[in-house]
Amino acid sequence: CLMIILFITSVEALVYWTPGYFENEYTKYNVLDSLPSMTMDDLLHVTDEMMDYLKGDRENLNVEAVIGGVQREFFNAKEKRPMQDVRELFLQGLALRRGAVFVGVLAAAFLCLKKRQAVLLRMLQWGIAGVLCTMLGLGALISMDFTKYFTYFHLIFFDNMDWYLNPKTDLLINIVPEGFFRDTALRIAGMFLAVSLLFWLMAGALRRRLK
């Protein structure tokens, strides 16, 4: 439960709580070059609306912007369909985290009431170590061919091929190129590993105090 909570919170922390993250990525990959006459402020507005949609704070992706001197909808019908799948994944992740908080608190409270704090701390350390080793192994595998495993992810979690976008007709793929997803995955992994390691160290320190 703790690992689920930390992982989903790491995702949320990066894309929702990190100031200037999207602007820095857009600048890094020269995103505005592929969006004629669009300003960074307009692009960030579209991004804010998109992120509100993914979190369930707005009902649709009918977002307008000035592109090439013309006021038009930013997302076309093909782009909206995979974004619906992304929204469902994100909302299911948030629901999973709420469940993990509930079950995790109950489990910890039960062990503490039974005066099994040492068991709780020991299993926290073993659990964290096991997940971190698995994550490091997966990270090493994915880093060998990010495109391959990025494609596998979409084939597993998406019901159709609408996620396979064309940069000539679909603006979404231009604002979030593969490099953006690579950077995001690395930062989420780094945040998750760092916080997990901190919990591992804290559990170890508390075990020593109990002894």
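A residue counts as buried here when its relative accessible area is under 20%, as exposed when that area is over 50%, and as partly exposed in between, using a 1.4 Å probe and protein chains only. By that yardstick aspartate 183 is buried, because its relative accessibility is 11%. The model is predicted, so local features need a pLDDT of at least 70 and side-chain atom pairs count only at pLDDT 80 or more, while totals for chains, interfaces and linings use all residues. Residue numbers start from 1 along each chain as its sequence is written, and side-chain values use heavy atoms, with hydrogens and water left out.

Aspartate 183 makes a handy starting point. This residue sits in helix α8; helices (H or I, at least four residues) and strands (E, at least two) are DSSP runs numbered from the N terminus. Setting aside residues up to four places away in sequence, aspartate 183 touches Tyr21, Glu25, Lys28 and Tyr29, where contact means heavy atoms within 4.5 Å. With lysine 28 there is also a salt bridge, the closest N and O atoms being 2.9 Å apart. A salt bridge here is a side-chain nitrogen of Lys or Arg within 4 Å of a carboxyl oxygen of Asp or Glu. This one ties together distant parts of the chain, with lysine 28 in helix α2 and aspartate 183 in helix α8, 155 residues apart.

By the salt-bridge rule, the count comes to seven. Glutamate 49 and arginine 58 form one of them, at 2.2 Å from N to O, and both of these residues are buried. Another joins arginine 182 and glutamate 178, at 2.9 Å from N to O. That pair stays within helix α8, four residues apart, or about one turn of the helix. Arginine 182 is partly exposed because its relative accessible area is 33%, and glutamate 178 is partly exposed too, at 27% relative accessibility. Salt bridges that share partners also link Glu12, Lys55 and Arg97 into one network.

Now for the nonpolar interior. A nonpolar core is a set of buried Ala, Val, Leu, Ile, Met, Phe, Trp, Tyr and Cys residues joined through side-chain atoms within 4.5 Å. The largest one has 34 residues, and Phe74 and Ile175 touch the most other members. Elements that each supply at least two residues to this core include α1 (2–17), α4 (77–113), α8 (178–210) and strand β1 (64–67). Helix α3 gives the most, with eight residues. Leaving out neighbours within four places in sequence, isoleucine 175 is in contact with Tyr26, Val31, Leu35, Leu43 and Phe74. Apart from the largest core lies another, of five residues, among them Met3, Leu6, Ile128 and Phe192.

Strand β1 has two faces: Ala65 and Ile67 are on the covered one, Glu64 and Val66 on the uncovered one. β1 pairs with β2 (residues 70–73) in the antiparallel sense over four bridges, pairing being called when DSSP finds at least two bridges between two strands. Alanine 65 has arginine 72 as its bridge partner in β2. The two strands make a hairpin with two residues between them, and glycine 68 in the turn has a positive phi of about 65°.

Over in helix α6 (residues 146–157) is leucine 155, which counts as partly exposed because its relative accessibility is 46%.
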